[in-house]
Amino acid sequence: MLSYTYVYLPCWKFLISDGVNARSLVRSLVNRMEGSGKEEYKIQSFDMETQKLLKTALKDPSAVDLEKVSSVIVDQSLKDQVFSKEAGRICYTIVQAEAKQNNGSAFRRNLLNRLQQEFKGREEMRKRSLQEWVCYVSFICNVFDYLKVDCLVLALHRIGEQLERMSLQRMDELFCQLRDGFLLQENLTSLGRLLLLEVLEFRAGGWTLSDTAQKYYYSEVAD
């Protein structure tokens with residue numbers, strides 16, 4: 001449990017404490033629920049071997065080294081702001097493909113670990129290269145944008161209680177937006193609604209779920 005806190009807490013502190021408005025964040029998250037993955041990915045800037053690696057990861061994640069894939073994506077994103085925007089969609093597709101294939105999360109774990117490493121050196125990055133810093137911020141925002149509700153729910157499960165102790169007011173504001181997203185967003189998928197309802201109940205229950213609720217929500221997600 002502590003290792004997950006270590007990975008997720010700085011990224012969410014970064015998003016919350018550096019001025020990201022809760023309303024804008026949630027609107028951005030829920031607006032990405034439909035329509036991704038239909039266009040070809042812009043990976044022509046890579047050599048042929050790396051292009052093959054990424055294409056395989058998008059279709060068959062278990063067949064490649066996902067730690068290497070995450071490093072390739074992050075490295076390129078820190079150099080190329082255009083790709084940093086595309087990379088969020090690539091990461092989202094790999095995460096979904098891995099989840100469907102074997103219910104795995106190795107890619108997401110490797111990706112967030114790498115983002116954590118970069119976050120720890122953010123001050124040096126700013127001093128070294130403003131362009132690299134802009135690319136990093138663009139990339140991390142796009143990653144959380146595309147990984148959206150499922151990533152938000154997972155983060156709140158891991159560190160929501162800690163964040164609430166840091167700022168009850170901000171957490172109340174965030175959950176007001178989550179409630180509105182659940183009730184008012186017409187284009188939200190059924191899975192998105194289920195996850196939002198689950199995290200609303202999770203906080204209402206004192207950051208825990210009853211065994212009955214646990215079985216209900218996660219049997220539905222598995223289906």
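**Aromatic pairs and helices in an all-helical model**

In this predicted model, the count of aromatic pairs comes to four, where two rings are taken as a pair if their centres lie within 6.5 Å. One of them is formed by Phe 46 and Phe 83, whose ring centres are 5.4 Å apart and whose planes meet at 80°. Because planes over 60 degrees apart count as edge-to-face, this pair belongs to that class. The two partners come from distant parts of the chain, 37 residues apart: Phe 46 is in the loop between α2 (22-31) and α3 (48-59), while Phe 83 is in helix α5. Are these two rings buried or exposed? Phe 46 has a relative accessible area of 10%, and since buried means under 20%, Phe 46 is buried. Phe 83 is buried as well, with a relative accessible area of 3%.

A further edge-to-face pair joins Phe 202 and Trp 207, with 5.8 Å from centre to centre and 80° between the planes. Both partners are again buried: the relative accessible area of Phe 202 is 7%, and that of Trp 207 is 11%. Phe 202 and Trp 207 also belong, together with Phe 175, to one aromatic cluster. A charged residue accompanies this cluster, for Arg 203 lies over the face of Phe 175, at 4.9 Å from the ring centre.

Trp 207 deserves a second look. This residue lies in the loop between α10 (190-204) and α11 (211-222). Most residues other than glycine have a negative phi. The phi of Trp 207, in contrast, is positive, with a value near 65°. Trp 207 can also be related to a part of the chain that is 49 residues away in sequence: its C-alpha atom is separated from that of Arg 158 by 9.6 Å. Arg 158 lies in helix α8. With a relative accessible area of 25%, Arg 158 is partly exposed, because this value falls between the limit of 20% for buried residues and that of 50% for exposed ones.

The view may now be widened to the whole chain. How many helices and how many strands does the protein have? The protein has 11 helices and zero strands, so that, read from the N terminus, the order of elements is α repeated without interruption by any other element. Of the 223 residues in the protein, 48% are buried.

Helix α5, which holds Phe 83, covers residues 81-102. Its neighbour in the present discussion is helix α4 (residues 66-79): the axes of α4 and α5 come within 7 Å and cross at roughly 160°. An angle over 145 degrees counts as roughly antiparallel, and therefore α4 is roughly antiparallel to α5. The crossing of α4 past α5 is left-handed.

Helix α5 also contains Val 82. Val 82 is exposed, because its relative accessible area of 62% is over 50%. In space, the C-alpha atom of Val 82 is 9.5 Å from that of Phe 139, although the two residues are 57 apart in sequence. A similar description applies to Asn 142 and Ser 84, which are 58 residues apart in sequence and 7.6 Å apart from C-alpha to C-alpha. Asn 142 lies in helix α8, which covers residues 130-166. At 13% relative accessibility, Asn 142 counts as buried, since the value is under 20%.

Helix α6 offers a check of length that the reader can repeat. What span should its 15 residues, 106-120, have at 1.5 Å a residue? The expected span is 21 Å, because 1.5 Å is multiplied by one less than the number of residues. The end C-alpha atoms of α6 are 21 Å apart in the model, which agrees with the expectation. The buried residues of α6 include Phe 107, Leu 111, Leu 112, Leu 115 and Phe 119. Arg 108, Asn 110, Arg 114, Gln 116 and Glu 118 are also among the buried residues of this helix. Phe 119 has a charged residue over its ring: Arg 122 lies over the face of Phe 119, at 4.0 Å from the ring centre.

Methods: Residues are numbered from 1 along each chain as its sequence is written. This is a predicted model: local features need pLDDT of at least 70, side-chain atom pairs count only at pLDDT 80 or more; totals for chains, interfaces and linings use all residues. Side-chain values use heavy atoms; hydrogens and water are left out. Helices (H or I, at least four residues) and strands (E, at least two) are DSSP runs, numbered from the N terminus. Buried means under 20% relative accessible area, exposed over 50%, partly exposed in between (1.4 Å probe, protein chains only). Rings of Phe, Tyr and Trp (its six-membered ring) pair if their centres lie within 6.5 Å; planes under 30 degrees apart count as stacked, over 60 as edge-to-face and the rest as tilted. A charge sits over a ring if NZ of Lys or CZ of Arg is within 6 Å of the ring centre and within 35 degrees of the ring normal. Axes are lines fitted to C-alpha atoms, for helices over the stretch in contact, and angles run from 0 to 180 degrees between N-to-C directions. Angles under 35 degrees count as roughly parallel, over 145 as roughly antiparallel, 65 to 115 as roughly perpendicular and the rest as oblique. A crossing is left-handed if the near helix is turned anticlockwise from the far one by less than a right angle, and right-handed if clockwise.
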